[in-house]
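Student: Please take a close look at one part of this model with me, the salt bridges within its helices and strands. Then carry on outward in one connected walk, so that I can follow the picture on the screen.

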Amino acid sequence: MQTTIPLDRRQRIDALGYDYGSQPRDLLMTCNLCGSNVFVTLTHRDRYGYPAQASACARCGLVFLNPRMTAAAYGRFYDGVYRPLVSAFHGRLIDARTIQAEQREYAADRAELVRPFLEHSGVTTMLDIGGSTGVVAGHFAKSFGLTGTLIDPAPLELQEARAFGLETITGLVEEHDFDGRRFDLVLICQTVDHLLDVAGTLKRVRELLTPNGSLFIDIVDFRAAYLRNWSVEDAIKIDHPYYLTQDTITAYLRRAGFETVRAAYAADHLHVSYLCRPTQPTPQALPDTIGVAQLFREIRYVQNAPRPS
Ligand SMILES: [Zn+2]
């Protein structure tokens, strides 16, 4: 269904004065998951009303913003626009401090999920990628007796993370030189959808893991996001370059050399979490073609059929 943005929300977003249309953007020509170059444009605006287009790869069903802001434009976006924009969208203050209560609950829930796999397994070191204020990494470090490192491009949030006793690195995991260091546990929590290169990051993570290490990663399930709003546009937001599904993240993980040992739907019904172990990469892994066809059919249905009452 085509939804309209409520006037009060529209006014709060306009008041920020963020000019998305004038930001430098790159037109992507190859799919980050499968390398195909046949795309289907799905939408023409995002949930904020910005003229952001989402495309899907016709071959594997990966959904992504295209064109997409450059890394420099995203750097400026995260430095002062992102949190105020999310606050304007929801009509309440959301910043590095206020998100901590929500993250504490999330951390406790996720730690219980992985406890049977981590406890008494000899893990000692952890890297949290895009760990924001460090609430999740701090909780994992305390629960499992780990030495934690957090890498995030947003320096303000790293200040909060240091309070949890975590080593902090300002930067991007794809670019940072870890000088041969390896980690027993890597966390990518509520982060993968924000990355600019999912395939490159997962490949890097595989190299950074110890041979018996574990990766914990979660996604916002794109299907859950559009089904709950009954709107594809409202599931698209400029803060997320990628819109993953269970099928596309599974293919990504297999290509990078990870096998899933546990998956879980979060209590919010929106996120899906995966605990993975390193295995041989399957470089040609793809979602099955029936699943891809069903995704396109479902998107067209949600775009055009009345919302179920
Ligand atoms: Zn593809």
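Tutor: Gladly! Helices (H or I, at least four residues) and strands (E, at least two) are DSSP runs, numbered from the N terminus. This is a predicted model, with pLDDT of at least 70 needed for local features and 80 or more for side-chain atom pairs, while totals for chains, interfaces and linings use all residues. Residues count from 1 along each chain as its sequence is written, and side-chain values use heavy atoms, without hydrogens and water.

Let's start with helix α1, which spans residues 7-16. Here the side chains of Asp8 and Arg12 meet in a salt bridge (3.6 Å, N to O), the term being used for a side-chain nitrogen of Lys or Arg within 4 Å of a carboxyl oxygen of Asp or Glu. Because Asp8 and Arg12 sit four residues apart in α1, about one helical turn separates them. Asp8 is partly exposed, with a relative accessible area of 44%, and Arg12 is also partly exposed, at 29%. The cut-offs are under 20% for buried and over 50% for exposed, with partly exposed in between (1.4 Å probe, protein chains only).

The structure holds 10 salt bridges, so let's visit some others. Helix α7 (residues 198-208) has Arg204 and Glu207 three residues apart, which again places about one helical turn between them. Arg204 and Glu207 form a salt bridge, their closest N and O atoms being 3.7 Å apart. Glu207 counts as partly exposed, at 38% relative accessibility. Elsewhere, salt bridges with shared partners join Glu112, Arg115 and Glu119 into one network.

A strand takes part as well. Glu167 forms a salt bridge with Arg181, with 3.0 Å between the closest N and O atoms. Glu167 lies in strand β8 (residues 167-170) and Arg181 in the loop between β8 and β9 (183-188), so this pair ties together parts that are 14 residues apart in sequence. Both ends are partly exposed: Glu167 has a relative accessible area of 35%, and Arg181 one of 33%.

Now turn to the zinc ion, where another tie along the chain awaits. Its protein donors are the SG atoms of Cys31, Cys34, Cys57 and Cys60, lying 2.3 Å from the ion; donors are N, O and S atoms within 2.8 Å of the metal (3.2 Å for Na, K and Ca), and since water is not among the atoms, sites may look incomplete. Along the chain, the donors follow the spacing C-x2-C-x22-C-x2-C. Cys31 belongs to the loop between β1 (25-26) and β2 (39-43), and Cys60 to the loop between β3 (54-57) and β4 (63-65), so the pair ties together parts that are 29 residues apart in sequence. Cys31 is buried, with a relative accessible area of 4%, and Cys60 is buried too, at 2%.

Those strands lead us into a sheet. It is an open sheet of four strands in the order β2-β3-β4-β11, and the pairing is antiparallel. Its edge strands are β2 and β11 (242-243), each of which pairs on one side only. Two strands pair if DSSP finds at least two bridges between them; β2 and β3, running antiparallel, are joined by four. To find the register on the screen, look at Val40, whose bridge partner in β3 is Ala56.

From the sheet, move on to helix α3. Seven of the nine residues of α3 (residues 82-90) are buried, so the helix is largely enclosed by the rest of the structure. The buried ones are Tyr82, Arg83, Leu85, Val86, Ser87, Ala88 and Phe89. Just after α3 comes Gly91, with a positive phi of about 75°.

Helix α4 (residues 99-118) is where you will find Gln103. This polar side chain's residue is buried, with a relative accessible area of 13%. Leaving aside residues up to four places away in sequence, Gln103 touches Ser132, Thr133, Val135 and Val136, where contact means heavy atoms within 4.5 Å.

One last stop is the loop between α8 (222-229) and β11, which contains Ser231. At 0% relative accessibility, Ser231 counts as buried, and the loop brings us back to β11, an edge strand of the sheet we visited earlier.
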